[in-house]
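Please open the structure in your viewer and keep the sequence panel visible. The tour below proceeds by selection, from one strand to its neighbours and then to a pocket.

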Amino acid sequence: MNKPVETRSATLTGAEAAVEMLRAHGVEIVFGLCGDTSLPLYDALRASSLKHILTRDERHAAYMADGYARVTGKVGVCEGPSGGGATYILPGLVEANESSIPVLALNTDISVGSRGKFTLTELDQRALMKPLTKWNAVLDRAADLPRVFREAFQAMTTGRPGAAHIALPFDVQKEPLPASEVWADPSLGSFPSRRVGCDPEMIQLAARVLRSARNPLFICGGGVVISGAEAELLELAQKLGAPVATTISGKGSIDERSPHSVGVVGSNGGTPETRAVVDAADVVVFVGCRAGSVTTERWRHPAPGRARIVHIDVDPSVPGRTYKVDVPLVGDARLCLAALNESLEGFSRRADLALVERNRKAKFDAFAALARSDDAPIKPERVVHEISNLLDADAIVVADPGTPCPYFSAYHTVRGTGRRYFSNRAHGALGYSLAAAIGAHFGRPAVKTVAVMGDGSFGMCAGELETVVRHRLPITFVVVSNAVYGWIKAGQRSGYGERYFSVDFGATDHAAVAAAFGLKTWRVTEPSQLGSVLEKAFSCGEPTLVDIVCQPLHEARAPVSEWVA
Ligand SMILES: Cc1ncc(C[n+]2csc(CCOP(=O)(O)OP(=O)(O)O)c2C)c(N)n1
C-alpha cells in the first residue's frame, strides 16, 4: 500500500523530504559520515526517528549497510558528503551491487548554482557512480526528489537486487517541495520485491530433464538465500534424491548437516571431495548462481558438455552466459522451485547419497586431523574448529578474504538455513568483515556476530574499532595474524616456484591496538589456550578482539585449487 507521509506542514525541505522518503520505505537506520555539504541533511536526520550511526570512513558505512541488508532482507542505507565522501563510499557500493545486495548511498553535493566554478569537492557523481550501480541520479531540483527516491527503491529491490546512488546538492536540500508528493510503496524497502515467476512451458521442459536425470545435482548461489527459497529447494532435492552444493554466498541455502548437503564447491572453499560430487552429476541445476570462475573452477567443474544444465536465475542475462544451457528458467528462485515441485508432484527418485556421505567424511576426517593439532603457530583448521564449536547455530560469521574465506567456507558447518555466514565475494576487497559485521549486528542484535579477518584486512579497517566501542557492540573480531599477505604468497608458492616477492610485512600486536581503542582483547600463540580465550570473548557481552598467531597460508593445506583469476 502506498502510504502518504504524515506531516503538519504543507511543504518540506529537500533534506526533510529525503529523510521522510527513507522512512516511508521502512528504513530505520543510516550509516554515514558528516561533511560540509551534508549540514541540511544532518539537521533533518537529527529531527527524525531514524537511527544514525556515525562511521569513521564512508567505505565502511557502505559495508555496514551491506551487512545490515544481507541479514535483514531490507535495503541498507549509507551516506556521505561530496568529493572524497563519494569516492570513499564507492568501494562498498560496488561490492553490494555485484553481490545483488540493495544498498542505497546518498552523497550530498555542492549546490547546483555552484557547478563548474572550481568549487571545493566538485565531482561528477553521476559519471562516477553510473557504471558501478544498478541505478543512479543527481538531483537538480527538490521537486524531483520523491520520484527519484521511489525509482531508486524500485530498482534496488526488483529483479536482480542491486545498489543505487543519489546525489543531493546542498541547495536542493534547502529547497521546499509539497509534502503531498512524499509517499512510497513500503514493500519496495525489502528484497526481493515484486517477484516474477517463470514461463510455465519452460518449467515443463525442466521437469522433463529432471525426471530423466540419473544423478541430478543442485549448485546454489546467493540467490536462494536472498529469495528465501530454502524450503522449496529442500522439497525438490528430496523428491529428486539430489545432492545440494553451494557457492560461498549460497551457504545457508541448505542446513549443512542434511544428508543432501555437499558443502561449498569451487576454487575457494571447495575440496577434491566436493569436486568429485560435481563431476558425478549428469544434470546440474544452477539456482540463483552466476556459474562464475570461482564456483566452477574456471568453467571446468562441471565439465562443459558432460552434464545437462538447467539454470534458474532472476536475471535473464545469466543462464547461458557461461555454460550452454539446456533449460533456462528466468524468475524468482522461490517461485521457480515451487513451480518445479508442483510439476513433479508425486515424482520420487530413491536418493543415492552414498558418494556425498563418503566424500563428506573424507573431507572432514582430513580436516579433523589438522584441527586437533597442538602445533604452533596455530593451524587455520584449529581456528575454524574452535570457533565453529563454540558458536550457537544462529550466530553470524563474516569472513574476509585471505585465510578466513576458504577455510570457513569449507569447514564452518552452517546449522540451519538463511544468512548466517557471508563474505564479500564480488570483489573480495580486504577489510570488509569488520564493518559488515557491525551492520549485521544492527540488523540482528539478538545473536552473536563474529568477524574473522587476516592481518592484511585488519590494516584496512581498524579505524572502525572506535565505532564499535562507542556503541559498545558485543561483536568478536578474530585476527588471523601471520605478518604476510598469505593468500598471495601461497600463489607465489604454488605457481611461481616459491619466488616470493613483496608479500611479507611486519608483525603487529593487534590485541594491543584494539585495546587502545577500548576493546577487551587477547593475543593467543598456544593452541591449547585458544578454546578458553574464544569462549571468554564470545560470552562477555562486550566488544572483543582475539589476535591469533597463525600458520601462514603458504605453509598450510588450503582448501583452494588454484590462484589464477
Ligand atoms: C583491497 C584489496 N587489495 C588486494 C587484494 C588482493 N589480495 C587477496 S588476498 C590478499 C592477502 C590477504 O592477506 P591477509 O589479510 O593478511 O590474510 P592471509 O592471506 O595472510 O590470511 C591480497 C593482498 C584484495 N583482495 N583486496
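**Strand β5 and its neighbours**

Begin by selecting residues 76-80, which form strand β5; the strand is mostly covered, with five of its five residues buried. The model is a predicted one. Display the side chains of this strand next. Gly76, Cys78 and Gly80 point one way from β5, while Val77 and Glu79 point the other way. Both groups are buried.

Add residues 29-32, strand β3, to the selection. Strand β3 pairs with β5 in the parallel sense, over two bridges. To locate this pairing, select Gly32, whose bridge partner in β5 is Glu79.

Now select residues 103-109, strand β6. β6 and β5 also run in the parallel sense, paired over five bridges. Here Gly76 is the residue to centre on, as it stands opposite Val103 in β6. Then add helix α4, residues 84-98: together with β5 and β6 it makes a right-handed β-α-β unit.

**The second largest pocket**

Which helices each supply at least two residues of the lining of the second largest pocket? Select 354-371 and 380-390, which are α13 and α14 respectively. The space in this pocket amounts to about 250 Å³.

For the lining itself, select Phe364, Phe367, Ala368, Ala371, Arg372, Val384, His385, Ser388, Asn389, Tyr411, Thr413 and Arg415. Colouring these residues by class shows six nonpolar, four polar and two charged.

Technical notes: Residues numbered from 1 in each chain as written. Predicted model: local features only at pLDDT ≥ 70, side-chain atom pairs only at ≥ 80, totals over all residues. Heavy atoms only, no water. 1 Å grid on protein atoms, 1.4 Å probe; cavity = no way out; pocket = protein on both sides within 12 Å on 5 of 7 lines; lining within 4 Å. Points joined across faces, edges and corners; volume = space filled by probe spheres on them. Helix = DSSP H or I, 4+ residues; strand = E, 2+ residues; numbered from the N terminus. Nonpolar A, V, L, I, M, F, W, Y, C, P; charged D, E, K, R; others polar. Buried < 20%, exposed > 50% of the residue type's maximum accessible area, 1.4 Å probe, protein only. Pairing = 2+ DSSP bridges. Right-handed = clockwise from strand over helix to strand, strands pointing away.
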